[in-house]
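Q: Please take a close look at the salt bridges of this structure. An account for a reader new to it would be welcome.

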Amino acid sequence: MARIEFKDIQHSYFAEPSRPKDYALQPMHMAWRDGGAYALLGPSGSGKTTLLNIISGLLRPSGGAVLFDGKNVTDLTPVERNIAQVFQFPVIYDTMTVFDNLAFPLRNRRVPAAEVRARVTEVAEMLELTDDLKRRAAGLAADAKQKVSLGRGLVRSDVAAILFDEPLTVIDPHLKWRLRRKLKEIHKRYKLTLIYVTHDQGEALTFADRVVVMHEGRVLQEGTPQELFEAPQHRFVGYFIGSPGMNFLPCRLSADGAEVAGQHLPLARHLLAQAPAGQALEIGVRPEAIDFAAAGAAGLSVAVRDVEDLGTRKVATCQLGDLKLKVVVPPEQPIPAERGTVTFNAELTRLYADGQLVG
Amino acid sequence: MEKWQDQRAWLLVMPVVLLVAFNALIPLMTVVNYSVQDIFDSTHRVFVGTEWFREMLHNDRLHAALLRQFIFSGLVLLIELPLGVAIALTIPRRSGWGTSATLVLVALPLLIPWNVIGTIWVIFLRPDIGLLGHFIDSTLGIHFDYPTVPSQAWLSVMMMEVWHWTPLVVLLAYAGLRSIPDAYYQAASIDGASRWSVFLYIQLPKMRSVLTIAILLRFMDSFLIYTEPFVLTGGGPGDSTTFLSIYLVKMALGQFDVGRAAAFSIIYFLIVLAFSYVFYQVLLRAGRGEAR
Amino acid sequence: MRVTLQNVTKVVRGQTHLYDTTLDLESGSFNVLLGPTQAGKTSLLRLIAGLDRPTTGAVLEDGKDVTAAGVRKRNVAMVYQEFVNYPSFTVYQNIASPLRRAGRLSATEIDAKVRATAEMMRIDPYLGRLPSELSGGQQQRVALARALIKDAPLLLLDEPLVNLDYKLREELRSEIRHIFRDNETTVVYATTEPQEALLFGGNAVVVDAGRVLQHGPALEVYRRPATVRVGEVFSDPPINLVRAHVGPHECRLSPSVAFPVAAHMRELSPGDYRIGVRANHIEVTSRSGDSGAIRATVELAEINGSETYVHARHGDFTLVALLEGVHEFALGAEIDLYLDPARLFVFNGAGDLAAAGRQNDQTAEAR
């Protein structure tokens, strides 16, 4: 278990990087709390796997230093840093049994046989692999193989951190639940630092205490799932988190609110006060924060174009002038057929100037 | 998955089928025909049934040649496979001009016509003008005259064979190594595995199918070998490097004992077939123990 | 095109990939093949396409038996998981290839169609590029465009979005939904995600272990799963299944939890059943009409944006609840869960649906 810090870390895959575009990772500082469960969330090419490989030591950053508990480990290999990593597809030693697979890291460090047996049995029980210990690892199903990969990281009692690179990619959706739960249990029990890379925001939000959203080599925001959901700092974070993502409506400010598509929307006073002049302004509001009001009530008038029934909720796609607006309602709630009136939850309505959160 | 049957494909394949039939099946039939006859010339033939086969089984010279052949093929597999794999391990896994150049250089011996190979080594090993022959003879002080010393003849044939065919094993093994995803090496590095462990537990298992091909190819080819040793030693001194096919040719063309030679050919063919089948089954079974 | 499978089976080397299957897909319908991996979805798609021949049974298109016809003779388009495009053709040539091969249209007509389709799939800026120069999402759009331009009466998609980023998947899903809303093509779309089956709003064909378990309008199948297995496959988050004893007046889940039998369950004969309740029908606050509290210990709580998933244990079963809003729970905390008896599914010992509760705006019904 270790506290991990990045000091001015940057990385480029080119020998002579000249423009910002050449960098896979823009210069950054970060601190990862000991024992925290983090998710690195972002689309392909955002630099999250690069970041993960720098933490593990599989990749040496072209600039900056990595510190574990204050000690500079930038030049150390993964083994020396005491890192474990689980990859996108299960990586197991085909010729060995499950027991031998789990014992492998310990045997390489010359741990006595009795201790190896104790540790492996404990981890196998935790991962519900006890019945498979004698079987050849190559014959297991994909999710069991991933558990073996994970187990190899857990057997080392002093492991600094376990890193996951999109580990649930090959797992069936209904088995993903079980594995995610297992990961949470492990986190609770062993209090390990877990860092999890994914492009699936649902996975990130359910797994992590803190989520780091990345885009094009930069960290856009770091926070709890709730913070990211309710107060995205950057337009991209609002778009990427949530299914569907946040609605962004270009607007102009007026005396006591905003003008959106020709209609008036009241805004909190502190937002109006802090809004910078001369920049493109947008209202950011999540589909979950919008409600259909009773007929004749005050609100914005919209045309209802499409309704998707997803079982656990309904998503209505509406039109506000020539802007698209998505609204999420509980499955019970009726949605007007042609036109309706919507109200925005004032506490969750945000203002964005040039893509950045205001206030 | 079963492929869809498209009848038109048979028409396209017909010319090849006819060609193969003409070039392979008909000569094979001819050989079977000859093997049961004693042929003096084109008009004087006597049907002798299985006499040739019975004689072959008791023929001492045949047994000696067969033994020599097994020793040769065994040595070939023992030397070329580990050597080829070892060389393949040293070639970098990344693409680049260095890697390509290395692969081309390694593959050069495979491009040379086989009788030229024999000729190259004849000159190379001459104690008077050959680079290696002269080196051994003068600098090392060992009297080197392979046409007259059986042990040296064997050594020469082995050197030539290894030089000629190890590149094939190298290329096959390298292809197998290249196909292993990086994540396996990364995981091994994280597990603290030694270089030897990585070889034993990751590289070797993943090269299984490729090595199967290498073993089969090298065994069959070496068992049938003719041109290179014939050019180099002519089968000599005496009988010491007379392998099966050299003996067969001596019998068929040298003595024009066509009937006997035909019977011998068939026995030869069956031995190669039997061994290849056994090898293949053993390797297949071992491979099937592992997963998809 | 109306596609019918009659008593189709597929056996490969002694292993049955598909058991006796009869399926009727109406012309112009959007059908989602839903099931876990290795369920037989791909086998089914390949049989419909004509890439494989069924071991027994017949495949009919518009009433005509086409079982013996190879895929070239059938008018079908297919999109795969792996973004299959001709690597040496530009995007333009890729999209134009089916039309050029058919040879029926002039060059100008082909050009117009290619540009229109490319614009619909939003790849018109990339017409001159090679597939290897495009991102995964763009490559898949090219594959889709190439399939759509054929205007084939039958379109098959085998988990086409599974290799894409989450957000790209969302976007493409909406686009596909819109393209096929008022379209006459018969579409068959294979997926493992229940969400997609509901989202597309067409029919759902639930497949598991080589059998078609249920077939009908997606929402119908979702609200009335015929068997326990259908309930399990067609759920995300997972459906809660609890053994219970149904008596003449009460339904008992455990020594401490029992509630009055709801209207839809009154006709059931007393005995042991399995109760199914969806995660979003469990609450932590009581509403009128809810059953008594189920006291449970929190095992796990996950916050997902504006919702919370809670896993809590009562006696020998665990319930997963999907709660609206953000709720903080300490592990090991004791909470009360409430469920609405009118919403329960009841499955008998054989695993078949015996009664289905009220689901959203439906009225209660019993079998």
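A: The answer below takes up the salt bridges one pair at a time.

This is a predicted model, in which local features need pLDDT of at least 70 and side-chain atom pairs count only at pLDDT 80 or more, whereas totals for chains, interfaces and linings use all residues. Residues are numbered from 1 along each chain as its sequence is written, chains are lettered from A and ligands numbered from 1 in the order in which they are written, and side-chain values use heavy atoms, with hydrogens and water left out.

Side chains of opposite charge can pair when their charged atoms come close. A salt bridge is defined here as a side-chain nitrogen of Lys or Arg within 4 Å of a carboxyl oxygen of Asp or Glu. Over all chains, a search of the whole structure finds 44 salt bridges.

One of these pairs is formed by Asp158(A) and Arg109(A), whose closest N and O atoms are 3.6 Å apart. It links distant parts of the chain, 49 residues apart: Asp158(A) is in the loop between helix H5 (142–154) and strand E7 (161–165) of chain A, and Arg109(A) is in the loop between helix H3 (98–108) and helix H4 (113–126) of chain A. Helices (H or I, at least four residues) and strands (E, at least two) are DSSP runs, numbered from the N terminus. Asp158(A) is partly exposed, with a relative accessible area of 43%, and Arg109(A) is also partly exposed, at 38%. For these terms, buried means under 20% relative accessible area, exposed over 50%, and partly exposed in between (1.4 Å probe, protein chains only).

A second pair joins Arg223(C) to Asp309(A), with 3.5 Å between the closest N and O atoms. This pair crosses between chains, from helix H7 (residues 218–223) of chain C, which holds Arg223(C), to strand E16 (residues 300–309) of chain A, which holds Asp309(A). Arg223(C) is buried at a relative accessible area of 10%, and Asp309(A) counts as buried at 14%.

Within chain C, the side chains of Lys113(C) and Asp151(C) meet in a salt bridge of 3.5 Å, N to O. Here too distant parts of the chain are linked, 38 residues apart, with Lys113(C) in helix H3 (residues 107–120) and Asp151(C) in the loop between helix H4 (136–149) and strand E7 (154–158). Lys113(C) is partly exposed at 29% relative accessibility, whereas Asp151(C) is exposed at 56%.

Finally, salt bridges that share partners join Asp306(A), Glu308(A), Arg177(C) and Arg181(C) into one network.
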